[in-house]
Amino acid sequence: SKKMQRRQSSKTPTQPLQVHHKNQTDLSAWRKGGRIDPEKSVQNHQSPNDQKNDSKQDSLEQALSYFEKVQDRVSLKKNNILQKHLTTVETIALQRGLPPEGFDVLLNVALSGKLADTVNTRLLKSLVPASVIPETSVVSSVSWLCVSKCSDNVQLLFLRWLITVFDFIDRKEQLHALYGFFFSFLQDEKMCPYVCHLLYLLTRKQSVKPFRIRRLLDLQAKMGMQPHLQALLSLYKLFCPELVTINLPGKMKTYFKNSEGPWKAAINTVRQRNQENSPVSKPLLLGTAQPQSRKRKWNTQLIIPASSTNKNNLEEDREKNHVDLYSMNESFPVEQLQTFSQLLQNIHHLEFPSQMGSVLTNPLLLHYMNCIKDESIYLRLYYWMGQTLQEECTWCVADNNQYEEEFKDFLETVYKTECFLQEGFSSCEVFLYKSLPLWDGFCCRSQILRLVSWIPLSSFSEMKSHLYDPLAQLFFTSSLYFKCSVLESLKELLQNWLNWHVIHLDSESDSEVHSLNTTLSGLVNVVAELIHFVGWISTVALHLENNPTFLLYFILDFYETVCDMYLRYNLPLLIMPPAGVFYPALLSMDSVSLNQLCYIMYRYRTNLVAAKENELSKKKILQFKFSSQTYQEYNQYIIAMVGCLWTSSAFQKDVHPQGLHMDDELLKKTTVQEFKTSFNIVYHPAMMGYAVLFLQQAWPDDTTFNFSLIKKWNWYLEYLYAQGLKGLKVFIESSINRVSQAS
Amino acid sequence: DPQRTAFLLRKQWTLYSVTPLYRFSNARLRDYARLLSAFIAAEKQKGLAVEIGVELDIKVAVSSLPDLKGSDQDQAAILVQLSSRSPASPKNSEEKLIWSGWFCCVSGDDLSENVPEDFTCLPLFLANGAESYTSIVGSWFQKTFDCCFRRLAISPLHLSWMAAMWTGCKVDKTACAMELVFSVPHLPQPLDISYAIHPEDAKALWDTVQKTPGEITQEEVDVFMDCLYSHFHRHFKIHLSATKLVKVSTAIASAHCDGIIKFLQSQYLTGVLMLLTELAISQIQ
């Protein structure tokens with residue numbers, strides 16, 4: 001195989017310098033980036049590209065070998081060999097990065113002071129890792145640092161390099177053991193910022209000691225406010241809030257000078273080339289004061305707190321640790337929680353932040369909240385959110401109206417959280433009940449209406465006085481657009497309740513006690529109350545607004561959910577729309593509404609038939625039956641619809657008390673000719689447009705609009721279905737017994 | 001013991017409601033004092049770290065006031081005091097009290113009965129001193145115990161209750177006049193009307209209104225105030241019912257609608273606190 005050939009070739013005596021066997025194998029493995037397909041490599045063996053790689057490989061091995069054995073004080077200017085090898089290392093490093101074995105050799109030579117600073121600098125600048133950096137090479141470099149053979153500039157460059165490549169170091173155990181060494185370098189004023197940064201990367205809870213804090217505070221006293229010291233001290237505070245505290249000013253953005261140096265670009269290039277998931281350095285996350293747009297009172301709660309560790313608990317931990325120093329149940333600071341995998345790894349020792357309100361802007365903690373069902377979590381959130389909503393409400397509190405935008409954002413955040421958790425907050429419910437009677441229906445409109453859709457379902461309903469009454473007052477006195485928005489949010493409210501019901505039906509088998517001890521009959525009553533309320537306001541609104549299609553669309557959209565509750569949500573409840581909704585839809589001027597009504601009536605039929613079948617089979621004792629009144633109402637509507645659209649007998653056969661029934665005498669007085677057929681699928685005002693187009697296609701020569709030509713309804717129906725009237729299709733196919741259909 | 005709460009009298013206290021404190025422990029008041037004093041130092045010199053436990057310019061004392069209780073279920077009140085040490089002569093020099101605040105709960109069973117163990121109910125907070133300190137101390141409590149502070153205003157309705165209740169209380173002979181302050185709304189310049197009544201006259205009026213001693217109804221309070229209003233109208237032709245009651249001062253205490261109170265009689269301290277606790281609870285529930 002190829003690997004074998006390489007090994008042989010490097011052993012040939014013509015090779016000027018020998019390399020360790022171990023390195024060699026590793027190097028070839030590195031060069032190919034892992035497994036080698038033997039066949040492919042044989043085929044490609046002679047390709048020029050491969051040969052080029054081979055030669056590069058050789059020259060890097062030679063260079064490393066040279067630097068390993070290089071003697072003191074070799075001058076760069078006079079020594080061509082040194083120049084050659086240095087260039088080789090630089091070129092390969094920048095193009096492909098260096099293999100793990102290279103670091104030991106190059107760091108040793110660069111920090112030992114054997115060569116001139118220009119060479120050392122160039123060597124350090126080319127230390128770009130291809131994969132990982134062995135910890136041992138870093139540890140031995142630190143020992144070079146301690147004997148200070150190298151110049152200050154080289155030391156600084158090394159530290160900057162170490163910070164940049166920190167995440168590429170394969171292990172960090174021994175490095176952690178050197179914490180004290182690094183800490184002692186803080187004394188050097190030039191190194192101090194970089195040492196702070198390095199310590200920031202290395203610090204764990206056990207690194208924070210009172211004597212170190214005192215040392216840092218001495219430095220702070222000597223040097224004043226320094227961002228790098230602030231950052232390190234903030235981290236100390238995070239781990240040991242009982243030992244030190246610091247409140248950072250809000251403006252600060254960067255805490256460490258740009259230490260990425262010359263390597264960052266090269267690392268990115270190599271990473272892209274290797275296309276591996278190399279570690280990505282994490283951004284700093286410090287507990288800075290949040291940016292405030294304006295000066296506000298200190299106890300304003302509208303600013304959602306940042307997630308910060310519960311200090312209160314940490315201290316208790318410390319007390320426990322006095323007893324058990326090696327206790328493993330240390331909690332994971334929430335400030336460090338940044339990825340979903342971190343959440344999974346630390347979920348057993350994660351603590352909620354000191355202020356629960358901060359979960360609102362932290363999706364990871366919301367996931368966690370979903371897993372932990374603890375009463376105190378909800379209670380903390382309840383108090384915070386309740387107080388915030390009341391205190392910041394722009395229409396309940398005087399002088400707050402200038403902050404409407406902020407309040408909107410807050411309500412938006414709360415709503416998004418509810419969507420995420422698929423659960424309404426009781427503090428929001430209380431807030432809505434308190435503030436709706438004072439609401440003008442304009443301020444934060446869409447946010448408030450969205451929050452309405454998440455009002456939790458509770459067994460004992462105070463909805464009428466708290467929600468329906470104030471909402472109805474606004475509804476009747478506001479614009480068409482507002483009416484549609486209210487209907488939309490009530491539809492979502494209904495769907496959220498129904499979803500809640502379905503989920504709890506599933507979990508009921510686990511015999512968990514409901515958090516809301518809702519009985520099925522209680523639930524049915526609350527849902528029925530909502531549907532009746534919507535039926536009532538819809539009827540009045542259609543009257544007030546003179547039956548606009550736009551409004552009718554939102555009303556029928558609501559009933560699309562209602563008509564399917566039995567089959568889709570397993571709720572033993574079906575409520576027919578009131579006549580004030582049904583007839584305006586049936587006689588609508590618009591085919592969209594009529595089509596929607598047809599679909600809804602079809603779904604009612606499907607649900608009622610299924611209920612009847614269940615009832616008849618009596619396999620299980622049914623707790624709930626639909627009342628005969630529901631069937632009766634459905635039948636009345638069906639008679640009216642079939643009479644209108646199909647049999648042209650609506651005025652004779654409609655038996656609904658609020659229906660279309662009229663005496664022939666009265667109808668004759670209207671002097672309308674052919675009144676009987678005036679609402680069938682040809683003459684219905686919503687359908688006439690289709691009828692005209694159909695006539696033009698079927699009888700292009702006829703210009704008299706003679707609708708009586710449409711005699712064979714089969715063709716006409718096919719035409720209507722093709723126009724997208726799917727609701728009409730399912731309705732006619734299910735509810736009309738067509739003799740001709742068989743032929 | 002009236003001696004131990006005497007220092008609460010004759011000072012203006014600004015009222016706040018506070019939601020239950022999460023994981024507050026009476027056994028750790030010393031720790032809280034250390035942490036709070038470092039927090040204050042860090043807050044005053046933002047950006048500089050402060051070691052916890054060292055002597056700082058501002059000394060914090062957190063202590064318990066077990067006397068201020070209504071029922072057995074009430075938590076002991078908590079007193080927070082800030083005093084400054086002069087940096088010139090650190091040891092032995094007099095410490096000067098610069099700010100104090102206290103949390104209390106007097107007969108707050110409505111709240112404390114319904115809250116799990118992890119929570120401590122001290123719904124009423126009273127502060128005296130610069131608002132900048134109230135802000136720092138309040139922020140620390142909010143951050144540490146996940147609670148919310150809100151200013152507690154007193155509505156004119158509650159002020160009239162206080163006027164009636166305090167009129168009926170017995171005090172020594174040298175009692176000062178009862179004073180009601182009304183503010184006239186919707187004027188370009190603010191106009192306040194002060195209405196002072198001799199305490200014995202007020203008491204005589206209240207005695208004719210109150211039907212059952214020890215019990216007060218809303219109706220009685222309304223009648224009492226209406227009598228005062230009609231008396232005023234007879235003399236000055238001004239309808240006080242059209243104005244807003246903003247302040248009530250009696251020998252027992254004085255209360256301002258902005259949520260400021262001054263206690264004057266130690267024997268009625270808990271009585272007044274009970275009413276204020278009730279108001280605080282209704283604001284947080």
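**Chains A and B in questions and answers**

Trainee: Which residue stands opposite B:Ala255 in β14(B)?
Mentor: In this predicted model, local features need pLDDT of at least 70, side-chain atom pairs count only at pLDDT 80 or more, and totals for chains, interfaces and linings use all residues, while side-chain values use heavy atoms, with hydrogens and water left out. Residues are numbered from 1 along each chain as its sequence is written, and chains are lettered from A and ligands numbered from 1 in the order in which they are written. Strands (E, at least two residues) and helices (H or I, at least four) are DSSP runs numbered from the N terminus, and β13(B) is joined to β14 (residues 260-263) of chain B by four antiparallel bridges. Opposite B:Ala255 in β14(B) stands B:Ile261.

Trainee: What is the bridge partner of B:Ser249 in β13(B)?
Mentor: Strands pair if DSSP finds at least two bridges between them; β12 (residues 244-249) and β13 (residues 253-256) of chain B have three and run antiparallel. A hairpin with three residues joins β12(B) to β13(B). In β13(B), B:Ser249 is bridged to B:Ser254.

Trainee: Which residue takes a positive phi in the hairpin of β13(B) and β14(B)?
Mentor: That hairpin has three residues between its strands. One of the residues in contact with B:Ala153 (heavy atoms within 4.5 Å) also belongs to this story, and B:Ala153 sits in the loop between β9 and α5 (156-167) of chain B. Leaving aside neighbours within four places in sequence, the contacts of B:Ala153 are B:Cys257, B:Asp258 and B:Gly259. The residue with a positive phi near 90° is B:Gly259.

Trainee: How much area do chain B and chain A bury between them?
Mentor: The size of an interface is often given as the accessible area lost when the parts come together; here the loss is found with a 1.4 Å probe and summed over both parts. In this model, 44 residues of chain B are in contact with 42 residues of chain A. Carbon and sulfur atoms hold 49% of the buried area, which comes to about 3800 Å².

Trainee: How many salt bridges does the rule find across the interface of chain B and chain A?
Mentor: Side chains of opposite charge can pair when their charged atoms come close, and the rule asks for a side-chain nitrogen of Lys or Arg within 4 Å of a carboxyl oxygen of Asp or Glu. B:Glu51 and A:Arg214 form a salt bridge, with their closest N and O atoms 3.0 Å apart. Across the interface of chain B and chain A, the number of salt bridges is three.

Trainee: Which element gives the largest share of the side of chain B that touches chain A?
Mentor: At least two residues of that side come from each of β1 (12-18), α2 (29-44), β3 (50-51), α4 (131-145), β9 (149-151) and α8 (269-284) of chain B. The largest share is nine residues, supplied by α4(B).

Trainee: Which residue stands opposite B:Val50 in the pairing with β3(B)?
Mentor: Strand β1 (residues 244-245) of chain A runs antiparallel to β3(B), joined by two bridges. Opposite B:Val50 stands A:Thr245.

Trainee: How far apart in sequence are the parts that A:Arg122 and A:Glu90 link?
Mentor: Their side chains meet in a salt bridge, 2.8 Å from N to O. A:Arg122 is in helix α7 (residues 117-125) of chain A and A:Glu90 in helix α5 (residues 80-96) of chain A, and their separation is 32 residues.

Note on methods: Buried area = accessible area lost by both parts, 1.4 Å probe.
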